[in-house]
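Below are some notes on this two-chain model, set out as numbered points so that each can be checked against the coordinates. Please read them with the structure open.

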Amino acid sequence: MVLPGLKQQLEHLIQSMAIEGILVEQQFAQVQELQNPDNPNFVSRVLNDFCNGAETSITELNKFLCQEQVEFNKLDISAHLLKGSSASIGAHQMFLATVELLKAVDKEDKEKSLEALKKVTHEYIRIQYKFQTIIQLENKIFDIESKPLLHDGKSAAGPSYSKNI
Amino acid sequence: MALGSANGNRAEGATTPLMSWKNNLRALLVDASSTCRIIGKAYLTSYGVETEAVENGEAAFDLIYMGASFNVIIIDMHMREMNGAQCARRLRTMGVQSRLLGMSTSYREHEQHEFLAAGGNGFIQKPLHPSKFVPILQELDNN
């Protein structure tokens, strides 16, 4: 697929996520603006990191809530961590879900905390799928843009730069 | 977006910082969230601030013990092994005179009181944004 088409696809995906209310477009745009020639894979790197971190936090939160004696102070810290990451990336519904989780944790209400964590998990799954698509599009764009140009302005054939996802 | 003097010219191959400073500004970001560290460090670096980012208070103390110094240290208020206030107290005990800012998406009143009582100077809300940190950097650069 040609470069303009990929970029358009990426733009439409982000816009649709904003319309759905799961992404704060302005916040995400600020993350995109941090991508530059010194940091060409920045968006992919941040999204991968966010997803890895969110899964770790959600696993931890589940573990804490499954204990007979729930350590709400530990829950508080993990929930705050997830809240901060969500806010930084613009993951709006995840952010709101962690706000509700923190309210339940503040009240030391195990049942409400479990309910809130289910909502956090649901919102994570919803956004994670779309973030993976963004990563794939970003990587394809990077592959094309990083290929050296031939004299006639077309990209050279050959292996693209490899990078870790 | 940028306040103060903004340099929009980009040298080929290198990214020119969005702002230039009279002094060599250095920042330390202490945040349990690696996503926040990546974004925060990229932001501050793009504004011409030499930035280190570490996961917790102990890593911050190690840097200070090794002789690193910073104009500003931005501390996540909610970390696992020690919170923002505990981190600030220890930094002051070590003789650190940097501006200490507590950072979070939201603060409980008692957390704010504890942080200030521990030697913290103020707060900056997460997520980091130039509109929040540029005025602080300008103040530090002018002092």
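1. In this predicted model, a convenient place to begin is helix α6 of chain A, which spans residues 110-145 and holds both A:E123 and A:R126, placed three residues apart, or about one turn of the helix. The side chains of these two residues meet in a salt bridge, with an N to O distance of 3.1 Å. The two partners fall into separate accessibility classes: A:E123 is buried, at a relative accessible area of 3%, whereas A:R126 counts as partly exposed, at 27% relative accessibility.

2. A second salt bridge, in chain B, joins the side chains of B:K126 and B:D76, with 3.9 Å from N to O. This pair links distant parts of the chain, since B:K126 sits in the loop between β5 (122-125) and α5 (130-142) while B:D76 belongs to strand β3 (residues 72-76), and their positions lie 50 residues apart in the numbering. Both B:K126 and B:D76 are buried. For a reader who wishes to check the assignment, the 3.9 Å separation falls inside the rule used here, which asks for a side-chain nitrogen of Lys or Arg within 4 Å of a carboxyl oxygen of Asp or Glu.

3. Also in chain B, the side chains of B:E139 and B:R99 form a salt bridge at 3.1 Å, N to O. B:E139 lies in helix α5 and B:R99 in strand β4 (residues 99-104), so this pair ties together parts of chain B that are 40 residues apart in sequence. B:E139 is partly exposed, with a relative accessible area of 39%. Turning back to chain A, salt bridges with shared partners connect A:E20, A:K119, A:E123, A:R126 and A:K130 into one network, and a search of the whole structure gives 16 salt bridges over all chains.

4. As to the overall make-up of chain A, the chain contains six helices and zero strands, and its elements, read from the N terminus on, run α-α-α-α-α-α. Of the 165 residues in chain A, 45% are buried. Among contacts in this chain between residues at least 6 apart in sequence, 64% join residues at least 24 apart.

5. For chain B, the UniProt record, an unreviewed entry, places the feature "domain: Response regulatory" at residues 26-141. Over that span the secondary structure is 46% helix and 22% strand, and the C-alpha atoms at its two ends lie 10 Å apart.

6. How much area do chain B and chain A bury between them? The value is about 2,200 Å², with 57% of it on carbon and sulfur atoms. The contact draws 25 residues from chain B and 28 residues from chain A. Across this interface the rule finds three salt bridges, one of them between the side chains of B:R80 and A:E60, at 2.8 Å from N to O. Eleven residue pairs across the interface are in polar contact, with both residues at pLDDT 80 or more. On the side of chain B that touches chain A, helix α1 (residues 34-46) gives the most, with eight residues, and the residues of that side divide into ten nonpolar, eleven polar and four charged.

7. One residue of chain B that deserves a separate look is B:S46, which is found in helix α1. B:S46 is buried, at a relative accessible area of 19%; the assignment follows because buried means under 20% relative accessible area. Not counting residues up to four places away in sequence, B:S46 touches A:L34 from the partner chain, together with B:P17, B:L18 and B:M19.

8. The UniProt record, again an unreviewed entry, lists A:H80 for "modified residue: Phosphohistidine". Is A:H80 buried or exposed in the model? A:H80 is buried, with a relative accessible area of 7%, and its place is in helix α4 (residues 72-89) of chain A. Leaving aside neighbours within four places in sequence, A:H80 is in contact with A:L102 of its own chain and, from chain B, with B:H78, B:S104, B:S106 and B:R108.

Terms used:
Residues are numbered from 1 along each chain as its sequence is written. Chains are lettered from A and ligands numbered from 1 in the order in which they are written. This is a predicted model: local features need pLDDT of at least 70, side-chain atom pairs count only at pLDDT 80 or more; totals for chains, interfaces and linings use all residues. Side-chain values use heavy atoms; hydrogens and water are left out. Contact means heavy atoms within 4.5 Å. Buried area is the accessible area (1.4 Å probe) that two parts lose on being put together, summed over both. A polar contact is a pair of N or O atoms within 3.5 Å; within protein, one must be able to donate a hydrogen and the other to accept it, and residues adjacent in sequence count only if both atoms are side-chain atoms. Helices (H or I, at least four residues) and strands (E, at least two) are DSSP runs, numbered from the N terminus. Ala, Val, Leu, Ile, Met, Phe, Trp, Tyr, Cys and Pro count as nonpolar, Asp, Glu, Lys and Arg as charged, and the others, Gly among them, as polar. UniProt positions are given in the numbering used here, feature names are shortened, and annotations may be inferred rather than shown by experiment. Buried means under 20% relative accessible area, exposed over 50%, partly exposed in between (1.4 Å probe, protein chains only).
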